[in-house]
Each structure stands twice: as C-alpha cells, then as structure tokens.
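Trainee: I should like a close look at a single part of this structure, followed outward into its surroundings. Please take one charged pair as the starting point.

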Amino acid sequence: MLDALGEMSGKFRSQLGESLATVEKHNTRLEDATTASLDAFKAYSTGLNVVSSSGEEAAVPFFQKAIELDPQFAAAYAELGVMYGAIGESALSAENTGEAYKLRDRTSDIERFFITASYYSRVTGNYEKAQQTCEAWAQAYPRDPRPYTYLSAFILPASARYETSLAEARKRLQLDPNTAIGYIVLAAGYMFLDRYGEAENTLRQGSERGLETPETLGQRYDLAFLQTHTREMEQQVALSQRNADTENWLLDHQAFALTYTGRLREARTKSRHAIELAEQTTHMERAALTEAGAAVREAFSGNAPVARRGAATALRLSNQREVEYGAAFALALAGDNVGTQMLADDLDSRFPEDTSVRFSYLPTLRALIALKRGDPAKSIELLEVSATYDLGTQRSTIHGLFGALYPIYVRGEAYLALHRGAEAAAEFQKILDHPGIVISDPVGALAHLELGRAYILLGDKKKADQAYLDFLTLWKDGDSDIPVLKQAQAEYSKLK
C-alpha cells in the first residue's frame with residue numbers, strides 16, 4: 001500500500017505540472033518497514049532520504065531516533081547496522097544488525113531478506129550464505145535494489161568476481177538512480193577493473209543529481225591518484241575541509257598516497273590529525289583502523305619499533321576484525337610472531353564463518369609467520385586456501401585502505417626466500433597489473449622493489465635495473481631515513 005501511495009503521489013505531482021526531473025529528484029519513497037509507531041516510521045524514512053543525499057554518517061541520528069521511539073523496530077536496527085558498517089564502525093554495526101536479527105520474526109518477508117543478508121554479511125561474515133540470501137531476495141523482489149548493493153559492494157568483490165559485480169551494480173543503479181550508494185558501488189566496480197574514465201563518468205552523473213557524500217570525495221581522490229592528477233587530488237582535499245567528517249574521511253587517503261611515494265613523515269601528520277578528529281567524535285573504531293593502517297605502512301617501510309607501537313595503540317582502541325588483522329600483519333612484518341599468532345588465534349576463534357578471515361586474513365598471517373620462522377615452503381602451502389580470493393577486495397581494503405593483494409605479496413616473498421625467481425616475479429607482477437585494486441596501498445610501491453630482487457635471482461640485470469629504478473623514481477622525494485629506501489638504494493648501487 002505504501003509503494004502504491006508513493007507512486008500515486010508522484011503521478012499526481014506530474015499532473016499538477018511539476019516536471020518529471022523535479023519529481024524524480026525530490027520524490028520521497030515510502031519504504032516497507034514494520035513498526036507500530038508512525039513517528040518512528042517518519043524518522044526511519046527521513047534517515048533513508050538523508051543517506052541517499054548526504055551519506056551514512058548524517059543518517060545515523062535518524063535511525064537512532066526511530067529505535068528510541070520503537071525499541072522493537074527491526075528494520076531500523078538493520079539500517080543503523082548498515083550505516084555503522086559503511087563508516088568503519090564494525091562492532092556497532094554487528095551489535096545493531098544482531099538486534100535486528102533477533103527481531104526478524106516480527107517483520108515482513110522483504111524485511112527478513114534485508115536483515116538476514118545484513119546478518120550474514122556483517123555479523124558472521126559468511127559471504128556464501130549472504131550471496132544465497134541476496135539471490136533469493138532479488139528473485140522474490142526484483143524491483144528492490146538492495147540485494148544488488150550487497151552483491152556488488154563486497155560479496156562478489158571479495159572473491160575477485162569483478163565483472164559479475166559490475167553487472168549487479170548496474171542493475172542496482174537502474175532500479176534506483178536517486179541514491180548515492182548506487183554511483184559509489186558502480187564507480188568502485190569500474191576502478192577495480194582499471195576503467196577509470198567510466199568510474200569518473202559514473203561519479204559525475206551522481207554529482208549532477210546532487211548526490212555528494214564523503215565516500216565520493218574519497219573515490220575522486222583515489223581516481224586522481226591513480227592517474228597522477230595532482231591538481232584534482234588537491235581540489236578534493238580542499239573540498240573535504242568543509243567539515244570534520246569529510247576531512248577525516250579523506251585524511252587517511254592522503255596518508256596512504258603520501259606513503260606510496262615515500263613521504264612517511266607527512267603521512268604520519270595526516271594520520272595523527274585523522275585520529276584526533278575520529279576521537280573527538282567518539283569514533284574509536286575509525287581511530288583504531290587509522291592506527292592499524294599507519295602501523296602497516298610503518299612495517300612495510302622497515303620501521304619495526306614504530307610499527308609495533310602503532311599496532312599496540314590500535315588494539316587498545318578496538319579489537320574489531322580489520323583492526324586486529326592490520327595490527328597482526330604489521331606485527332608479523334616487524335618480527336613479532338608471538339603477537340601475530342595470538343591475534344590470528346583470536347580471529348579464528350571469534351569469526352569461524354567469516355569469509356575474509358578464513359580465506360584471506362588467516363592464510364596471510366599464518367603464511368607470514370611461517371616465512372619469518374624460516375619455512376617459506378610451509379608459507380606457500382598455507383596460502384593455497386586463499387587462491388580464489390588472491391585478487392579479491394576484502395573489508396580491510398574497503399574500510400582501512402590496507403590489505404590489497406597481501407596473500408600474493410606474501411607468496412612472492414616466500415618464493416624469493418626459496419630462490420625461485422620466476423615464480424616470485426610472477427606474483428609481484430600480479431600486484432603491478434592491478435592498480436585499481438591496490439590504489440595507494442604501499443604494497444603496490446614495494447612490488448617494484450621485490451620484482452627487482454626476483455630478477456636478480458634470475459640473473460636478468462636489465463629487468464632488475466628497471467624495476468629498481470621504477471621504485472626509486474617513485475620514491476625520489478621520499479624521506480631519506482626510511483630503512484627500506486636506504487636498503488633499495490644500496491642494492492641498486494651494486495647493480496651498477
């Protein structure tokens with residue numbers, strides 16, 4: 001009945017002389033939502049409209065208000081879980097999604113699909129069950145755009161099914177062209193496939209509809225980074241400084257981009273500012289994710305003591321999945337196998353069904369532990385389970401900007417340790433061949449250096465020389481005291 005009323009109101013406005021474009025832009029869709037409180041329903045509907053135009057952060061208070069007015073409002077809990085998940089607050093996301101799941105028997109059929117898909121995606125992390133739920137949901141309610149959002153935003157990208165994901169993203173946008181998430185997900189799909197022009201065009205279409213969120217700024221910044229459009233990057237930074245939320249969102253992107261070119265001191269400044277802003281707004285998980293990402297960057301750069309301190313700080317703030325994974329990876333690179341093993345065991349215990357944990361995080365951590373213990377053959381064996389997910393995009397990449405293609409990187413390191421230069425070169429080349437997945441993760445910069453080391457093992461001085469030169473050119477303005485840079489310079493000088 002609500003859908004029918006919504007359609008009738010739109011037609012009535014058109015008959016009164018309002019243009020179709022204006023009706024589409026300002027029409028408020030009446031959603032299915034089971035609640036006994038009209039005021040709670042109004043708050044819920046307002047939240048949906050706010051997230052469409054202004055992003056998840058701005059919508060949070062409206063869903064909170066809906067729950068205050070009706071503590072049994074399952075769909076409002078589920079939407080609040082989605083909002084928290086999108087802004088990197090995984091624990092709050094799981095808490096609210098779990099509440100919705102407990103109340104699912106009080107809801108309509110379509111709401112149960114939404115809540116169940118959210119539960120498998122955000123609480124258990126079981127993407128196989130989430131996909132099955134979304135496919136059944138889309139079949140039962142083909143006009144609902146939400147199952148296509150789940151499929152294209154993270155379920156399919158996790159296992160690198162990018163073409164299929166892109167097709168689902170297109171369906172989602174066709175069904176609902178008036179919400180920002182449709183453009184964000186489709187643009188991300190194009191980026192994963194290195195189709196930057198189409199990604200830019202998609203974001204432009206959203207902007208023309210007035211659909212601007214902090215996420216779109218981050219995507220534009222990343223697209224500019226990938227294409228070395230410095231002026232465009234600076235423009236997005238300037239736009240982000242309009243308020244603390246958008247500035248906080250973009251500071252982490254800046255920190256990674258700076259580290260990618262060896263400017264670690266500047267990156268630290270950006271991260272500190274991001275953490276301060278997150279703590280001021282009590283977004284402790286976001287602060288922890290930033291700390292974890294900074295620890296990963298320090299570890300890749302060879303600053304082991306700084307990496308260990310950063311990992312410890314992140315874990316004091318939060319023990320959510322991606323924080324633990326980032327901290328554990330940083331500790332492993334920094335040589336703390338005991339700390340890494342403890343965190344890996346905790347992830348294994350707390351998230352036994354989680355797809356990212358089982359097929360990406362744990363294999364990578366365990367393989368890195370084996371490598372640091374001097375058993376590279378075991379490392380390669382442990383990574384066999386991750387093969388399907390090697391090129392996938394996991395939650396840590398989406399929310400923390402780290403973790404891109406890490407199983408491939410660790411496998412390449414293991415082949416180097418075994419002096420199998422050809423296999424190592426093939427792994428590092430995979431990383432270089434997928435910039436739209438890596439974006440500004442430091443693994444992309446270091447792949448040049450590791451590729452050079454692989455070519456040395458092969459006795460190919462010409463290719464080794466070029467790979468080293470690519471890395472050193474990328475880091476030509478890098479901080480001179482970074483251990484990995486000093487080591488690369490010393491190795492390169494021996495080639496001459």
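With which residue does Glu427 form a salt bridge, and how far apart are the closest N and O atoms?

Mentor: The partner of Glu427 is Arg411, and the closest N and O atoms of this salt bridge are 3.2 Å apart. The pair joins distant parts of the chain, with Glu427 in helix α25 and Arg411 in helix α24, 16 residues apart. A salt bridge here is a side-chain nitrogen of Lys or Arg within 4 Å of a carboxyl oxygen of Asp or Glu. Helices are DSSP runs of H or I with at least four residues, numbered from the N terminus. In general, side chains of opposite charge can pair when their charged atoms come close.

The model is predicted: local features need pLDDT of at least 70 and side-chain atom pairs count only at pLDDT 80 or more, whereas totals for chains, interfaces and linings use all residues. Residues are numbered from 1 along each chain as its sequence is written, and side-chain values use heavy atoms, with hydrogens and water left out.

Both members of the pair are covered. Glu427 is buried, with a relative accessible area of 7%, and Arg411 is buried as well, at 8%. Buried means under 20% relative accessible area, exposed over 50%, and partly exposed in between, for a 1.4 Å probe and protein chains only.

By the rule above, the count of salt bridges comes to 27. Another of them joins Asp354 and Arg395, at 2.5 Å from N to O. Asp354 lies in the loop between α20 (337-350) and α21, and Arg395 in helix α23, so this pair ties together parts that are 41 residues apart in sequence. Asp354 counts as buried at 0% relative accessibility, and Arg395 is buried at 7%. These two residues also belong to a network of salt bridges that links Arg321, Glu322, Asp354 and Arg395.

A third pair is formed by Asp479 and Arg265, whose closest N and O atoms are 3.6 Å apart. Here too distant parts are linked: Asp479 is in the loop between α28 and α29 (483-495), Arg265 is in helix α16, and 214 residues separate them. Asp479 is buried, with a relative accessible area of 8%, whereas Arg265 counts as partly exposed at 44%.

Glu56 offers a contrast. This residue, in helix α4 (residues 56-69), is buried yet has no salt bridge, and the nearest side chain of opposite charge, that of Arg122, is 7.6 Å away. For charge, Lys and Arg count as positive and Asp and Glu as negative, while His and the chain ends are not counted. Apart from residues up to four places away in sequence, Glu56 touches Val51, Met83, Ala86, Ile87 and Glu215, where contact means heavy atoms within 4.5 Å.

Helix α25, the home of Glu427, is also among the helices that each supply at least two residues to the lining of the second largest pocket. Helix α16, which holds Arg265, is another of these contributors. A pocket is an open set of points on a 1 Å grid over the protein atoms alone where a 1.4 Å probe fits, with protein on both sides within 12 Å along at least five of seven lines, and lining residues have an atom within 4 Å of a point. The space in this pocket is about 660 Å³, a volume being the space filled by probe spheres set on the points, which are joined across faces, edges and corners. Its lining has 28 residues, of which Phe225, Thr228, Met233, Ala257 and Thr261 lie nearest the centre.

Thr228 deserves a further word. This residue is found in the loop between α13 and α14 and has a positive phi of about 50 degrees although it is not a glycine. Thr228 is exposed, with a relative accessible area of 64%.

Leu405 likewise is not a glycine and has a positive phi, of about 60 degrees. Leu405 lies in the loop between α23 (395-400) and α24 (406-417), that is, between the helices that hold Arg395 and Arg411. In contrast to the exposed Thr228, Leu405 is buried, with a relative accessible area of 0%.
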